[in-house]
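These are my notebook entries on a structure that I had not consulted before. I set down what I looked up, entry by entry.

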Amino acid sequence: GYICQPRLPKMTTAGQQMLECFIDSTQSLPTDLYKSLNLMRELDEQCQALLTEMHGKEAEYLNQLRAGCSDDELMAAIQDKQSRAISLSDEKIQLAVQTYDLVDKSVKKLDEELKRIEHTAVIGKHGVNLNMPPNQNEPVYCFCRDYSHGDMVLCDGPNCPYEWFHFSCVGLSSAPNGAWYCPNCRKEL
């Protein structure tokens with residue numbers, strides 16, 4: 001036999017707005033991460049260049065000490081490079097913490113949205129149980145032309161004018177297995 005995969009439920013206006021709001025709030029995350037990671041890489045490259053220069057100056061200073069003389073300007077240059085390298089490292093650490101916080105904030109927001117969605121709608125294989133109070137802006141479904149409430153089943157008829165049906169209106173007590181067609185769509189099969 002033919003096995004039909006259930007379609008996703010048509011999203012209500014409120015559901016679309018909730019999804020669009022979440023997507024809008026996280027849309028810049030990849031770009032922000034890219035910028036932060038690139039800046040961290042640049043800071044790291046600058047720091048490594050300073051450390052390489054500093055090690056060269058240290059070797060030069062040690063050679064001067066072995067020769068019995070010391071150069072205070074050379075020591076000041078080493079200390080300056082060390083100070084700048086530490087400053088760049090601190091800046092990189094602050095940027096890493098900000099980047100972590102940005103990702104953590106997005107993950108927490110996603111978790112909150114998922115909990116809100118789970119609380120709002122529990123979707124089964126073909127049935128759905130919406131625990132939302134009726135809203136005048138929400139669409140109506142079923143033969144009874146009522147809001148979504150209680151257990152509902154999606155009609156697999158591609159041109160079904162009602163789409164969703166309350167279990168009680170179509171004589172169901174549980175979600176059907178496989179494809180399900182409302183009485184109107186069954187006539188067209």
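**Entry on K81.** I looked up K81 and found this residue in helix α3, which covers residues 72-120. The model is a predicted one. I then asked whether K81 counts as buried or exposed. K81 counts as buried because its relative accessibility is 12%, and the cut-off for buried is under 20%. Leaving aside residues up to four places away in sequence, I noted that K81 touches L50, E53, M54 and K57.

**Entry on confidence.** I next checked how far the predictor trusts its own model. The protein chain has an average pLDDT of 79, and 76% of the residues score at least 70. I recorded the highest confidence in helix α2 (residues 29-66), with a mean of 92. Confidence is lowest in strand β1 (residues 121-123), where the mean is 45. Residues 1-11 have a pLDDT below 50; beyond near neighbours in sequence, I noted 16 contacts for this stretch in the model. Over residues 121-131 the pLDDT also stays under 50, and here the model has 37 contacts beyond four places in sequence.

**Entry on the nonpolar cores.** Which residues of the largest nonpolar core touch the most other members? I found that they are V153, C155, C160, F165, W180 and C182, in a core of 14 residues. Two or more residues of this core come from each of β3 (150-154) and β4 (164-166). I noted that β3 gives the most, with three residues. C182 touches C155, C160 and F165, when residues up to four places away in sequence are not counted. Apart from this core I found another, of seven residues, among them L43, L50, A85 and L88. I add a general remark: in soluble globular proteins, nonpolar side chains tend to be buried together.

**Entry on the cysteines.** How many disulfides does a search of the whole structure find? My search gave zero. I looked up C155, which is in no disulfide; its nearest cysteine sulfur, that of C185, lies 3.7 Å away. C155 counts as buried because its relative accessibility is 0%. I then asked why C185 forms no bond with C182, which holds the closest cysteine sulfur. The two sulfurs are 3.6 Å apart and therefore too far for a bond, since a disulfide requires sulfur atoms within 2.5 Å. C185 has a relative accessible area of 8%, so I entered this residue as buried.

Definitions and conventions. Residues are numbered from 1 along each chain as its sequence is written. This is a predicted model: local features need pLDDT of at least 70, side-chain atom pairs count only at pLDDT 80 or more; totals for chains, interfaces and linings use all residues. Side-chain values use heavy atoms; hydrogens and water are left out. pLDDT is the predictor's confidence in each residue, from 0 to 100. Helices (H or I, at least four residues) and strands (E, at least two) are DSSP runs, numbered from the N terminus. Contact means heavy atoms within 4.5 Å. A nonpolar core is a set of buried Ala, Val, Leu, Ile, Met, Phe, Trp, Tyr and Cys residues joined through side-chain atoms within 4.5 Å. Buried means under 20% relative accessible area, exposed over 50%, partly exposed in between (1.4 Å probe, protein chains only).
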